[in-house]
Amino acid sequence: MDQLATVLDFEFGMSQLSGNKTLLLTLLNKFSDEYRSANDDLQRLVKEENFDEAYSLIHTLKGVAGNLGLFALHHASKPVEASVRNDKCLPDDYASFSALVDETIAAVDALSATPEPAAPEATSAVATQAREQFMAALKASEFISQSTLDEWLSALSLPPETKQGIEDAVDELDYDEAIALLEKA
């Protein structure tokens, strides 16, 4: 894959953080939050002739983007950084850099909005175990604490009305009804 054109290289980011996906997503979201206003901030700083702060902003953005695998933005930051440092202005093609900042943030936001699919085997094993334990407790007429009930019900993929019916039956100590509902589900 061409690193210069890659907006978000997730595998590279993972490799930078020893495969810690949670940390990478946290850092990408922090990047998105921190640099969401970078275009406006950079233009304001240059207009105010605060070139040291403008340089610091673009230099930091460039470094963080490179470390997180945001290669297109990292690469595009270099001429902007040089222009701010050497020419005390934004480059003529700044609009393309500004669009790339927006595109990168949109890619991070989209990644963060994508729900993580559950591992089917793990989910299935947990649900099976919860169903077996729940059914055994009901058949033995054991007391079921609210926290245990909540844990078992959350492990089972049941429609809300079925969960509520089972919970109501357990609350009323009508274990036969709870068993019937659980067997139907």
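Where does D174 sit? D174 is in the loop between α9 and α10. Okay, before I go on, a quick reminder that what's on the screen is a predicted model.

So, staying with D174 for a moment. Is D174 buried or partly exposed? D174 is partly exposed, at a relative accessible area of 34%. And D174 has company: together with D168, D171, E172, D176 and E177, D174 makes up a negative surface patch. If you want to find the patch on the screen, look at the two helices on either side of that loop. Both α9, residues 160-171, and α10, residues 175-184, put at least two residues each into the patch.

Right beside D174 there's L173, also in the loop between α9 and α10. Have a look at the backbone there. L173 isn't a glycine, but its phi is positive, near 60°. Most residues other than glycine have a negative phi. L173 is also exposed, with 60% relative accessibility.

There's another residue of that kind, S141. Which loop holds S141? S141 is in the loop between α7, residues 120-139, and α8. The phi of S141 is about 55°, so positive, and again S141 is not a glycine. S141 is exposed, with a relative accessible area of 55%.

Okay, back to α10, because I'd like to look at its two sides. Which residues of α10 are buried? They are Y175, A178, I179, L181 and L182. Looking down the axis of α10, those buried residues stay within an arc of 165°, so they line one face of the helix. Then flip to the face turned away from the buried side, and you find the exposed residues D176, E183 and K184. D176, you'll remember, is one of the residues in the negative patch.

Helix α8, residues 146-155, can be read in a similar way. Its buried residues include L149, W152, L153 and A155. Down the axis of α8, the buried residues fall within an arc of 160°, so here too they line one face of the helix. On the other side of α8, S147, E151 and S154 are exposed.

Now, salt bridges. Side chains of opposite charge can pair when their charged atoms come close. How many salt bridges does a search of the whole structure find? Five. I'll take you through some of them.

Let me start with K62 and E81. Their closest N and O atoms are 2.7 Å apart. K62 is in helix α4, residues 51-68, and E81 is in helix α5, residues 71-87, so this pair ties together parts that are 19 residues apart in sequence. Are K62 and E81 buried or exposed? Both of them are buried.

Next, D41 and R44. Here the closest N and O atoms of the salt bridge are 3.9 Å apart. This one stays inside a single element: D41 and R44 are three residues apart in helix α3, residues 38-47, which puts about one helical turn between them. D41 is partly exposed, with a relative accessible area of 23%, and R44 is partly exposed as well, at 39%.

Then there's R36 with D33, with the closest N and O atoms 3.9 Å apart. R36 counts as partly exposed, at 41% relative accessibility, while D33 is exposed, at 56%. And that pair isn't on its own: D33, R36 and D109 are linked in a network of salt bridges.

Two more spots to click on before we stop. P79 is in helix α5, which is the helix that also holds E81. P79 is partly exposed, with a relative accessible area of 46%. If you measure from P79 to L90, C-alpha to C-alpha, you get 9.1 Å in space, for 11 residues in sequence.

And the other spot is N29, in helix α2, residues 21-35. N29 is partly exposed, with a relative accessible area of 28%. How far apart are N29 and G66, C-alpha to C-alpha? They're 15 Å apart in space and 37 residues apart in sequence.

That's my tour, so let's go back to the loop with D174, between α9 and α10, and take questions from there.

Terms used
Residues numbered from 1 in each chain as written. Predicted model: local features only at pLDDT ≥ 70, side-chain atom pairs only at ≥ 80, totals over all residues. Heavy atoms only, no water. Patch = residues over 30% accessible without salt bridge, like charges linked within 9 Å, V, L, I, M, F, W, Y side chains within 5 Å. Areas by Shrake-Rupley, 256 points an atom, 1.4 Å probe, with all protein chains shown as cover. Salt bridge = Lys/Arg side-chain N within 4 Å of Asp/Glu carboxyl O. Lys, Arg positive; Asp, Glu negative; His and termini not counted. Charge placed at Lys NZ, Arg CZ, Asp CG, Glu CD. Helix = DSSP H or I, 4+ residues; strand = E, 2+ residues; numbered from the N terminus. Buried < 20%, exposed > 50% of the residue type's maximum accessible area, 1.4 Å probe, protein only. Arc of directions from axis to C-beta.
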